[in-house]
Structures are given as structure tokens and as C-alpha cells.
Amino acid sequence: MRLLIAGLLLAGAVAVPALAQPVAQPVTPAAAKPPDEIKQIVEKTYNVQVLRVTEMALEDGTPAYRVAAMMPGSSGNSAFLVNSLTVDAATGTPVAPFRHGASGYTLPEGGSYEPNRSTANPAVARGHTWR
């Protein structure tokens, strides 16, 4: 009987410090890098000229940057082509333009995905809609 009580007391003494440990705090996202550093990262990684870096937030609230980048001049069709890229503010890595979900994927919010139906387009005047 004494051995049983001593074992229970020993087990309780071991368990109490484990219960008294502080609860783990949620991990906070890394601090956002300044726009100048993001500009340098994108220019070095993709060999482009960054025209503009704009702060934004993703749908889930994660800080990000919208980067407008221009391809360098060359003899190809992509000379001086301007693209926009969404970049994670903490790491400088590109963010995927869509998110995978249980039933497929979701496109980013905003924007229009309709074909060009403006009346100023000569192809529309001829009855042809570009897809």
C-alpha cells in the first residue's frame, strides 16, 4: 500500500511541472520587408526592372506587395512587357494567383474575366469576340 501511494505521489510530482508550463503562443508572421528590399529581390531574381511596389493585403489578411515589373529591352516580343506580380511581404517570394480548395480552386477577388465587348474594339464591330 505504501508503495502504491509513493508511486502516485511521484507521478503527481512529475505531472505538475508539465501542466504548469506556459501555453505555446501562436506564431506571428515574420515582419514585412520594406518596399525597397522587395524591389531589389524581384529585380535580382527575375532580371526585370521594377516600376512600382504597392502595399496590399491578401484575402486572408496576410501582408503582401503588388509589384509592376518591366522586362528588359531585347529583340523579342517580350521587350518592355509590363507584368504585375503579387509578392509575399515577409519573404519576397511570389504568391500563387489562385488558392486550392476542397472543390477545386478559387480565383482572386476583383477583376473581370469577361471577353472584351467594348464598342471601341474594331473586332467587336465586325461581330467577332476575342476569347
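This report walks through a three-stranded sheet, the helix packed on it, and a few residues worth a look.

The model is predicted, so a few ground rules apply: local features need pLDDT of at least 70, side-chain atom pairs count only at pLDDT 80 or more, and totals for chains, interfaces and linings use all residues. Residues are numbered from 1 along each chain as its sequence is written, and side-chain values use heavy atoms, with hydrogens and water left out.

**The sheet**

Let's start with the strands. Helices (H or I, at least four residues) and strands (E, at least two) are DSSP runs, numbered from the N terminus. Two strands pair if DSSP finds at least two bridges between them. Here, three strands form an open sheet in the order β1-β2-β3, and the pairing is antiparallel. β1 and β3 are the edge strands, each pairing on one side only. From one strand to the next, the twist averages 25 degrees; such angles run from 0 to 180 degrees between N-to-C directions, using axes that are lines fitted to C-alpha atoms, for helices over the stretch in contact.

How many bridges join β1 to β2? Eight of them do, with β1 covering residues 49–57. One facing pair here is E55 and Y65, with Y65 in β2. The two strands form a hairpin with five residues between them, and G61 in the turn has a positive phi of about 95 degrees. On the other side, seven bridges join β2 to β3. R66 has T86 in β3 as its bridge partner, while A68 is bridged to S84 in β3.

Why is β2 described as largely enclosed by the rest of the structure? Six of the eight residues of β2 (residues 63–70) are buried, so the strand is largely enclosed. Buried means under 20% relative accessible area, exposed means over 50%, and partly exposed is in between (1.4 Å probe, protein chains only).

**The helix and the core**

Helix α2 (residues 35–46) has twelve residues. From first C-alpha to last it reaches 16 Å, close to the 16 Å expected at 1.5 Å a residue; the expected span is 1.5 Å times one less than the number of residues. α2 packs on the sheet, touching β1, β2 and β3, and its direction makes about 130 degrees with that of β1. Contact means heavy atoms within 4.5 Å.

A nonpolar core is a set of buried Ala, Val, Leu, Ile, Met, Phe, Trp, Tyr and Cys residues joined through side-chain atoms within 4.5 Å. The largest one here has nine residues: I38, V42, V48, V50, Y65, V67, A69, V87 and A89. α2 and β2 are the elements that give two or more residues to this core, and β2 gives the most, with three. V67 is a handy one to click on: not counting residues up to four places away in sequence, V67 touches I38, V42, V50, R52, V53, N83, S84, L85 and V87.

**Along strand β3**

Now for three residues of β3 (residues 82–88). Which of them are buried and which exposed? The table sorts that out.

| Residue | Relative accessible area | State |
|---|---|---|
| S84 | 53% | exposed |
| T86 | 16% | buried |
| D88 | 19% | buried |

Leaving aside residues within four places in sequence, S84 touches R66, V67 and A68. S84 and R52 are 32 residues apart in sequence, yet 9.2 Å apart in space, C-alpha to C-alpha.

With the same kind of neighbours left aside, T86 is in contact with M56, L58, A64, Y65, R66, T93, P94 and V95. The side chain of T86 also makes a polar contact with the side chain of R66, at 3.4 Å. A polar contact is a pair of N or O atoms within 3.5 Å; within protein, one must be able to donate a hydrogen and the other to accept it, and residues adjacent in sequence count only if both atoms are side-chain atoms.

D88, beyond its neighbours within four places in sequence, is in contact with I38, T62, P63, T93 and V95.

**Two loop residues with positive phi**

N47 has a positive phi of about 55 degrees although it is not a glycine. N47 lies in the loop between α2 and β1 and counts as exposed, at 57% relative accessibility.

F80 is another residue other than glycine with a positive phi, near 60 degrees. F80 sits in the loop between β2 and β3, and F80 is exposed, with a relative accessible area of 53%.
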